[in-house]
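Thank you all for coming; I would like to take a few minutes to walk through one structure, moving from a strand to the cavities and then to the charged pairs. Please have the sequence and the model open while I talk.

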Amino acid sequence: MMYDLLFTNATLAAMAGPKAYGLVENAAIAVKDGRIVYAGPMADLPDAAAKETEDLEGRLVTPGLIDCHTHLVYAGDRASEFEARLLGKSYEEIARAGGGILSTVRATRAASEDELVETALPRLDALIGEGVTTIEIKSGYGLTLEDELKMLRAARRLGDERPVRVKTTLLAAHALPPEFKNADDYIAHVCSDIMPAAASETLADAVDGFCEGVGFSPAQIERVFEKASSLGLRVKLHAEQLSDLGGAKLAARYGALSADHLEYLKPEDAPALAEAGTVAVLLPGAFYYLRETRLPPIDALRAAGVPMALATDCNPGTSPMTSLLLAMNMGCTLFRLTPEEAMAGATRCAAAALGLEDAGTLNAGNSADFCIWRARHPAELAYGVGANPLLKRVFRGRS
């Protein structure tokens, strides 16, 4: 066998194994046909020639970063709402006055698919520039059959335009569109028309919903989950961000990939997530941007053994953030995660939140998605604010 790529004298943070960070010093990582074929001590590296070899001189190698919760595709902006919140308006007041999600809905409906791709690319490039190799992108700003599918098609196209893996999520149950006066009627439309169409065109990898007072009730979300299950689609949920409606327990009951936000999660509900294998996706950007004070129950999630992922929640209204490294720092400074938990949150646990088994760790057989950093220890990645120590990003064996 001949390796396509071989990096030697590396410090690997494999994010697997018994040691902290899965740390391996004096290590090598070898790639063949877009897959990792070896990641471990140089002393155990199988002898083989390589088409390309690079001595990393002790630099850090981690799995490619994974942003597992974004709303990257949208049109317009909501800078005026940012100003309104600073002048005293709440998120709920803005939403009920026709702002919030619905203002982005109007702009997104007016944009073409090409325009959505064009406006999303700079945001995607910013994330790629910091080492993101996999990203989840939600719909939810169309709220009609045509516009939800338009958003999903735009998201899929981003994966063709750039070297990145895109996972798409149908979030039609995001807000009540203005042409519907009754939420139950809209949920019926989502279940009977939008979800089957997205499934038939294989545009969605999962289905999400917004379970909140300004969104949809647990009973309405359960109808969405039932339909998703019948279509063979996994589910996720925006849960317990602004209040406790029991959404996380509902998500766990349906074996959800993730329950996201969770500021108002009751500590006693954490074991249900652990038992279901549902990942808690923490979104410190929205917490920061909305100046929230209610922290997710990190100690309870940790004690229950719930995997905790971190994501940017990139969206125009509550987290216009395109830095997963900053989200890692915020996870530590605001939520009191350890740097190792933050690193796992942007790699191994984020992969689990997307149902991926070949990403998030430096294991033989996984996709050759990894990052080489101007760093010696993985804690440095969560430590910096506004810094980008990325030296090289490898995606499917290509840098």
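Let me begin with a term that I will use throughout: a residue counts as buried when its relative accessible area is under 20%, as exposed when that area is over 50%, and as partly exposed in between. By that rule E201, with a relative accessible area of 36%, is partly exposed. Please also keep in mind that what we are looking at is a predicted model.

I will start with strand β1, which covers residues 3-13. Is this strand enclosed or open? Ten of the eleven residues of β1 are buried, so the strand is largely enclosed by the rest of the structure. Its pairing with other strands can be described one partner at a time. With strand β2, residues 23-32, β1 pairs in the antiparallel sense over six bridges, and within that pairing L5 has V31 as its bridge partner. With strand β4, residues 50-55, β1 runs parallel and is joined by five bridges, and here L5 stands opposite E52. Strand β5, residues 60-63, also runs parallel to β1, with two bridges joining them, and in that case T11 stands opposite L60.

Turning now to empty space inside the model, how many cavities of 30 Å³ or more are there? The count comes to two. The largest has a volume of about 140 Å³, and of the 15 residues that line this cavity, H71, Y91, H174, N315 and T318 are the closest to its centre. Sorted by class, the lining of the largest cavity consists of five nonpolar, eight polar and two charged residues. The second largest cavity has a volume of about 60 Å³, and the residues that line it include P63, G64, T133, D358 and D369. Its lining divides into three nonpolar, seven polar and two charged residues.

That brings me to the charged pairs, since D358, one of the residues lining the second largest cavity, also forms a salt bridge with R35, in which the closest N and O atoms are 3.2 Å apart. This pair links distant parts of the chain, with R35 in strand β3, residues 35-41, and D358 in the loop between α14 and β14, 323 residues apart. R35 itself is partly exposed, at a relative accessible area of 35%.

Altogether the structure holds 22 salt bridges, and I will pick out two others. In one of these, the side chains of R78 and E81 meet at 3.0 Å, N to O; R78 is buried, with a relative accessible area of 5%, and E81 is likewise buried, at 9%. In the other, R153 pairs with E201, again with the closest N and O atoms 3.0 Å apart. R153 lies in helix α5 and E201 in the loop between α6 and β9, so this pair ties together parts that are 48 residues apart in sequence. Salt bridges that share partners also join R35, R165, D358 and D369 into one network.

Finally, let us look at R157, which is found in helix α5, residues 145-161, and is partly exposed, with a relative accessible area of 26%. Which residues does R157 contact, if we leave aside its neighbours within four places in sequence? They are E113, D114 and V117. D114 and R157 are 43 residues apart along the chain, and their C-alpha atoms are separated by 9.4 Å.

Key
Residues are numbered from 1 along each chain as its sequence is written. This is a predicted model: local features need pLDDT of at least 70, side-chain atom pairs count only at pLDDT 80 or more; totals for chains, interfaces and linings use all residues. Side-chain values use heavy atoms; hydrogens and water are left out. Buried means under 20% relative accessible area, exposed over 50%, partly exposed in between (1.4 Å probe, protein chains only). Helices (H or I, at least four residues) and strands (E, at least two) are DSSP runs, numbered from the N terminus. Two strands pair if DSSP finds at least two bridges between them. On a 1 Å grid over the protein atoms alone, a cavity is a set of points where a 1.4 Å probe fits but cannot get out, and a pocket is an open set with protein on both sides within 12 Å along at least five of seven lines; lining residues have an atom within 4 Å of a point. Grid points are joined across faces, edges and corners, and a volume is the space filled by probe spheres set on the points. Ala, Val, Leu, Ile, Met, Phe, Trp, Tyr, Cys and Pro count as nonpolar, Asp, Glu, Lys and Arg as charged, and the others, Gly among them, as polar. Contact means heavy atoms within 4.5 Å. A salt bridge is a side-chain nitrogen of Lys or Arg within 4 Å of a carboxyl oxygen of Asp or Glu.
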